[in-house]
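Q: I'm new to reading protein structures and would love a close look at one part. Could you walk me through it step by step?

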Amino acid sequence: MLKRLPSYAGGPLLYLVVTPLGNLSDIAPRSIEALRASSRIYAEDTRNARKLLSYLGIEGKCLSSIRSQNEREEARKAIALLKEEGRAIAYMSDAGHPCLSDPGAALVHEAVEQGVASTIVPATSAALAAYCLSGFPDARFYFQGFLPLSGKDRSAVLESLRERREPTIIYEAPTRIGKTLADLARVLGEQREISLSREISKIHEETIHGSLGDFLGIEEGSIRGEIAFVVSGNKKEAVEPSPEEIDACIKRHLSLGKGAVKAAMEELKVGRKAAYDAYLRVKG
């Protein structure tokens, strides 16, 4: 069933407010209006929220925390209370865009489930800012956000990025940036271009351009602050393996039975039909 929830119908309303990445004067005028119009304000960190509200001269607001650790439970409570009071509430993450590697999605989902309208007050995000600063000419990009910290999940994501044709936007903490760049260089190759932006819109804002290989020589601890970087896509033209190459691959894995089909698909990046046809040819 369709749920049509117009934002300007005069009922309860959830504002998603995009906050400045660093310089507080970047706050949008409509963001200020939304915060003033909200009876309650929810934030990822109330300490940061109080700093911004104080800068804007907004006082007397009921301020509560909704962070990743309690997001679902608190979202249900917040939307239920919003329906009861029938006014407007606002949510803002620490800096930047709610719902992009930050909490907020559970609030929107709960609002949809309970028939409450949501609207967003647009502004920039670290992802879009870093992409614009990269200078990459591609019309499309892939937003990865934070990589898994370790294990099979991390390896799988890194492998998936190897073949992407479009640039990839990644967030990383300064304490892990060295390891992440080394992992990317190992999997994607040291020649891949990278544009790394840190402390966007803050006093120490800096963007560093180069290859993944260039970044391997950077001194540990020299890249500090909030980091968003962009890695260029795979520009190599894909070469289709010949039927003879597929047959040879099947022969190497023939002891696996039909498992040789899957092995050839993974090794040569060919479709199931091509691999299965080769299996039938080799098996005789």
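Q: At roughly what angle do the axes of helix H9 and helix H10 cross, and within what distance do they come?

A: Happy to take you through it, and please keep in mind that this is a predicted model. Two packed helices are described by the angle between their axes and the distance between the axes. Here, helix H9 covers residues 243–252 and helix H10 covers residues 259–268. Their axes come within 9 Å and cross at roughly 130°. An angle over 145 degrees would count as roughly antiparallel, and one from 65 to 115 as roughly perpendicular; H9 and H10 are therefore oblique to each other. The crossing of this pair is right-handed.

Now look at the residues where the two helices meet. From H9 come Glu245, Ile246, Cys249, Ile250 and Arg252. On the H10 side you will find Ala260, Val261, Ala264, Glu267 and Leu268. Sorted by class, this contact of H9 with H10 has 7 nonpolar and 3 charged residues, and no polar ones.

Next, follow the chain between the helices. Lys258 sits in the loop between H9 and H10. Its relative accessibility is 58%, so Lys258 counts as exposed. Leaving aside residues up to four places away in sequence, Lys258 touches Tyr276 and Tyr279. For a sense of scale, try finding Leu184, which is 74 residues from Lys258 along the chain: the C-alpha atoms of these two are separated by 33 Å.

To set beside Lys258, pick out Thr46 in helix H2, which spans residues 46–56. Thr46 has 18% relative accessibility, so Thr46 counts as buried. Not counting residues up to four places away in sequence, its contacts are Leu63, Ser64 and Ser65.

One of those contacts, Ser65, leads us to the sheet, since you can follow it into strand E3: there, Ser65 is the bridge partner of Ala43. Strand E2 (residues 40–43) and E3 pair in the parallel sense over 4 bridges. They belong to an open sheet of 5 strands with parallel pairing, in the order E3-E2-E4-E1-E5. Strands E3 (62–65) and E5 (117–121) stand at the edges with a single partner strand each, so one side of each has no neighbour in the sheet.

How values were computed
Residues are numbered from 1 along each chain as its sequence is written. This is a predicted model: local features need pLDDT of at least 70, side-chain atom pairs count only at pLDDT 80 or more; totals for chains, interfaces and linings use all residues. Side-chain values use heavy atoms; hydrogens and water are left out. Axes are lines fitted to C-alpha atoms, for helices over the stretch in contact, and angles run from 0 to 180 degrees between N-to-C directions. Angles under 35 degrees count as roughly parallel, over 145 as roughly antiparallel, 65 to 115 as roughly perpendicular and the rest as oblique. A crossing is left-handed if the near helix is turned anticlockwise from the far one by less than a right angle, and right-handed if clockwise. Contact means heavy atoms within 4.5 Å. Ala, Val, Leu, Ile, Met, Phe, Trp, Tyr, Cys and Pro count as nonpolar, Asp, Glu, Lys and Arg as charged, and the others, Gly among them, as polar. Two strands pair if DSSP finds at least two bridges between them. Buried means under 20% relative accessible area, exposed over 50%, partly exposed in between (1.4 Å probe, protein chains only).
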